[in-house]
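Welcome, and please keep your viewer open beside this text. We will go from the whole chain to its interior, one selection at a time.

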Amino acid sequence: MTEVRHNWTKEEIAEIYHTPLLDLVYKAATIHRENKDYAEVQISSLISIKTGGCSEDCAYCPQAARYNTGVNVHAMMPKDEVIAAAEKAKAGGASRLCMGAAWREVRDNRDFDKVIDMVKAVNELDMEVCCTLGMLTEGQAQRLADAGLYAYNHNLDTSEEDYKRIITTRTYDERLKTLEHVRKAKITVCSGGIIGLGETVEDRVSMLKTLSNLPKHPESVPINALVPVAGTPLADQPRVSVWDMVRMVATTRIIMPKTVVRLSAGRTEMSTVEQAFCFMAGANSIFAGEKLLTTPNPSFDTDMAMFELLGLSPRKAFKNGRPNEVKKEEVEVAG
C-alpha cells in the first residue's frame with residue numbers, strides 16, 4: 001500500500017503535477033485502486049441556509065455584499081425547509097448534506113442555535129452532516145461536534161503566497177486556525193481550493209503542499225474550477241481547462257492517497273467523458289443537485305445515468321463510523 005506522508009516538498013509535488021498526462025492518470029488510478037472500493041463515489045448535496053450579504057471580499061464570490069451580482073439575499077432558512085431539502089437529497093442518492101451560510105465567522109447568537117438544531121435534525125435522517133459557516137472558535141466547533149456534525153468545510157482557496165490577491169478580509173493563518181479547531185473537536189476536515197482564479201501552477205502546488213503536510217490529511221479535499229460570476233472581480237477569468245482539473249485531482253490522489261477527492265464546482269461545464277477522466281484520476285466524491293449554493297450544478301438524475309454508464313456506485317453514509325465511534329488511534333482513514 002502507498003505510504004501516507006506529511007513531508008511533501010513543493011519540488012516533489014510539482015514533479016508529479018507535470019508528469020505526462022496519461023502517465024499521471026495511470027499512476028493516480030493505480031494508487032486509487034489500492035482501495036478495494038475505488039468505484040464508490042460519495043454523493044453530497046449542498047444547500048445555502050443563509051444567502052448573500054457577506055462582509056468578506058472573496059474575489060470569486062457572488063454572495064459578497066460589496067459586489068452587485070444579482071444574488072437575492074435570504075435570511076436563515078427555516079428548519080423544516082432544510083429537512084425537506086435533506087430528504088429530497090437523500091432520495092436522490094446523497095449520503096451527505098452540506099449546509100452553507102454566507103458568514104465571515106460564526107457568532108454565538110440565535111442563528112447559530114438554529115444551525116445546531118438543523119445539524120441534529122439532519123443527523124436523525126441518517127445522513128452525514130457538513131457545515132461551511134466561516135471561521136470557528138474552539139467552543140463553537142465543540143458545540144457542532146456535540147450536535148453530531150460529521151464534517152466541516154473550510155477551503156484554503158489558493159496558496160498562501162497568492163491569497164491576498166483573492167481575499168483581504170481574513171488571513172491564511174485564520175483559515176488554518178479554524179481547521180485546527182475543527183480537528184480538535186474530532187470533526188472530520190473538508191478543505192481544498194479553487195483553480196482558475198488567475199493563480200500559477202506554483203500556487204496550486206503550494207496549496208496542495210499545505211494540505212498534504214497538515215498533521216492529519218483532510219478527510220475530504222474539494223477541487224473546484226472557478227465559475228466566473230458577473231459583478232465579481234474575477235468575472236472575466238477564462239474557464240480553466242478540464243485537463244488542469246484532471247492534473248489537480250490526480251496529484252491530490254497521489255499525495256493524499258486515503259483522502260476523498262471531491263469533483264466540485266465547474267462540473268456543469270464537463271462532459272461525461274471529461275468527468276470519467278477525473279474519476280479515473282482518483283476523484284471519488286461529487287456534489288449533486290441543481291445548485292451549488294448559488295451556481296448551477298448537474299441534477300441527481302443526470303448523475304445517476306452517468307454512474308450507471310461508468311459502473312460507479314454511491315457510497316453509503318458513515319462508512320467509517322460516526323465521529324464518536326472513530327477509534328482514538330491516529331489512523332489515516334477516508335472521511
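What percentage of the 335 residues of the protein chain count as buried? In this predicted model, the figure is 56%.

**Stop 1: the whole chain.** Show the protein chain as a cartoon, and you can look for 11 helices and 12 strands. Its radius of gyration is 18 Å, close to the 20 Å that the globule rule gives for 335 residues, so the chain is as compact as a globular protein of that length. Switch to the C-alpha trace, which spans about 50 × 45 × 40 Å along its principal axes. Contacts are worth drawing too: among those with a separation of 6 or more, 76% join residues 24 or more positions apart.

**Stop 2: the surface.** Turn on the surface next. The protein chain exposes about 14600 Å², with carbon and sulfur atoms supplying 52% of that area. Now colour by charge: there are 41 positive and 46 negative charges, and their mean positions lie 3 Å apart.

**Stop 3: the interior.** In soluble globular proteins, nonpolar side chains tend to be buried together. Here, the largest nonpolar core has 91 residues. Select Ile49, Tyr60, Met99, Val115, Leu133, Leu144 and Tyr152, which have the most contacts inside this core. Then add helix α9, residues 242-255, which gives the most to the core, with eight residues.

**Stop 4: Leu133 up close.** Centre on Leu133 and show its neighbours. Leaving out residues up to four places away in sequence, Leu133 touches Ile49, Met99, Ala101, Trp103, Glu105, Val106, Phe112, Val115, Leu144 and Tyr152.

**Last stop: another core.** Finally, select Leu46, Cys98, Tyr150 and Phe318. They are among the seven residues of another core, which lies apart from the largest one.

Note on methods. Residues are numbered from 1 along each chain as its sequence is written. This is a predicted model: local features need pLDDT of at least 70, side-chain atom pairs count only at pLDDT 80 or more; totals for chains, interfaces and linings use all residues. Side-chain values use heavy atoms; hydrogens and water are left out. A nonpolar core is a set of buried Ala, Val, Leu, Ile, Met, Phe, Trp, Tyr and Cys residues joined through side-chain atoms within 4.5 Å. Buried means under 20% relative accessible area, exposed over 50%, partly exposed in between (1.4 Å probe, protein chains only). Helices (H or I, at least four residues) and strands (E, at least two) are DSSP runs, numbered from the N terminus. Contact means heavy atoms within 4.5 Å. The radius of gyration is taken over C-alpha atoms; the globule rule is 2.2 Å times the number of residues to the power 0.38. Accessible areas come from the Shrake-Rupley method with a 1.4 Å probe; for residues, only the protein chains shown count as cover. Lys and Arg count as positive and Asp and Glu as negative; His and the chain ends are not counted. The place of a charge is taken as NZ of Lys, CZ of Arg, CG of Asp or CD of Glu.
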